[in-house]
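Visitor: I would like to learn how to read a structure such as this one, feature by feature. Could you take me through it, giving the general idea before the particular case?

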Amino acid sequence: MKRLISLMAVMVLSTTAAYAQQETESTQETANPQVTIHTNRGDIRLELYPDDAPVSVANFLQYANDGFYDGTIFHRIISHFMIQGGGMTPDMERKPTREPIKNEADNGLKNVRGTVAMARTNDVNSATSQFYINVELNGALDHVSTQNDREWGYAVFGRVVEGMDVVDDIRFVQTDARDVPLEVILIESVEVH
């Protein structure tokens, strides 16, 4: 029993250390691309990680450069989980997208607070334009294995570097039973720097 408890303690410490290392690496100066999501609640600036998630970053930047995100909304908000947007209009119509991309969740990045990742359906390689920002530590979304769809995870491709206060403001708006905000949380535009 003592050995099991010791093993569990080592696993918890290892996981915590991995998250801390990602946070430390994330705060270092880089030449990674940055974008600003201009919303009707304020600006959210993201740093993207093309070395870790080249397909996801290129996909996101293409949608941003095409103006696809202009006038979309954060349409799914769960206050102790994440805020999701990038594919629905204010009247909850789904915008037509390009073909889905490859899931890059096996890149070593974790779904920690402030990271941005690709939203998808139960199909592992179904991500298109929608993304979410983690507002809590969401380890259940991390890549575990390629053995089955449940363990594949969700691809982190960047993080919030400014405007987490705006994300926190958005996360606590009132929602309906389907997690749809009762007020429009508009993505006015996404500016690539």
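**Pockets, cavities and cores**

Guide: The largest pocket encloses about 320 Å³ of space. Of the 15 residues that line this pocket, Gln-84, Arg-94, Thr-121, Thr-128 and Gln-130 are the closest to its centre. Before we go on, note that this is a predicted model, in which local features need pLDDT of at least 70 and side-chain atom pairs count only at pLDDT 80 or more, while totals for chains, interfaces and linings use all residues. Residues are numbered from 1 along each chain as its sequence is written, and side-chain values use heavy atoms, with hydrogens and water left out.

Visitor: What is meant by a pocket, and how is its volume defined?

Guide: On a 1 Å grid over the protein atoms alone, a pocket is an open set of points with protein on both sides within 12 Å along at least five of seven lines, whereas a cavity is a set of points where a 1.4 Å probe fits but cannot get out; lining residues have an atom within 4 Å of a point. Grid points are joined across faces, edges and corners, and the volume is the space filled by probe spheres set on the points.

Visitor: Which classes of residue line the largest pocket?

Guide: For classes, Ala, Val, Leu, Ile, Met, Phe, Trp, Tyr, Cys and Pro count as nonpolar, Asp, Glu, Lys and Arg as charged, and the others, Gly among them, as polar. In this case the lining of the largest pocket has two nonpolar, nine polar and four charged residues.

Visitor: How many cavities of 30 Å³ or more does the structure hold, and what lines the largest cavity?

Guide: The structure holds one cavity of 30 Å³ or more, and the largest cavity has a volume of about 50 Å³. Its lining includes Ser-56, Ile-101, Lys-102, Asn-103, Met-118 and Tyr-154, and by class that lining has seven nonpolar, two polar and two charged residues.

Visitor: Asn-103 is in that lining; is Asn-103 buried or exposed?

Guide: Buried means under 20% relative accessible area, exposed over 50%, and partly exposed in between, with a 1.4 Å probe and protein chains only. Asn-103 is buried, because its relative accessible area is 5%, and it lies in the loop between S4 and S5. Contact means heavy atoms within 4.5 Å; leaving out residues up to four places away in sequence, Asn-103 touches Arg-120, Val-124, Asn-125, Trp-152, Gly-153 and Ala-155.

Visitor: How should I read the nonpolar cores?

Guide: In soluble globular proteins, nonpolar side chains tend to be buried together. A nonpolar core is a set of buried Ala, Val, Leu, Ile, Met, Phe, Trp, Tyr and Cys residues joined through side-chain atoms within 4.5 Å. Here the largest nonpolar core has 33 residues, and those with the most contacts inside it are Ile-44, Leu-46, Phe-60, Tyr-69, Phe-131 and Phe-157. Helix H2 (residues 54–65) gives the most to this core, with five residues, and a second, separate core of eight residues includes Met-82, Ala-119, Tyr-132 and Leu-141.

Visitor: Which residues is Tyr-69 in contact with, leaving aside its neighbours within four places in sequence?

Guide: Tyr-69 is in contact with Phe-60, Tyr-63, Ala-64, Gly-86, Ser-129, Phe-131, Ile-187 and Val-190, once those neighbours are left aside.

Visitor: What pattern do the helices and strands follow along the sequence?

Guide: Helices (H or I, at least four residues) and strands (E, at least two) are DSSP runs, numbered from the N terminus. The protein chain has three helices and eight strands, in the pattern α-β-β-α-β-β-β-β-β-α-β.

Visitor: Which residues does Glu-191 touch, not counting residues up to four places away in sequence?

Guide: Glu-191, found in strand S8, touches Gln-34, Val-35, Thr-36 and His-38 on that count. Glu-191 and Thr-36 are 155 residues apart in sequence, with their C-alpha atoms 5.1 Å apart in space. Glu-191 counts as partly exposed because its relative accessible area is 38%.

Visitor: Where does Met-92 lie, and what is its phi?

Guide: Met-92 lies in the loop between strand S4 (82–85) and strand S5 (115–118), and its phi is near 65°, a positive value in a residue other than glycine. Asp-179, in the loop between helix H3 (164–171) and strand S8 (186–192), likewise has a positive phi, of about 70°, although it is not a glycine.
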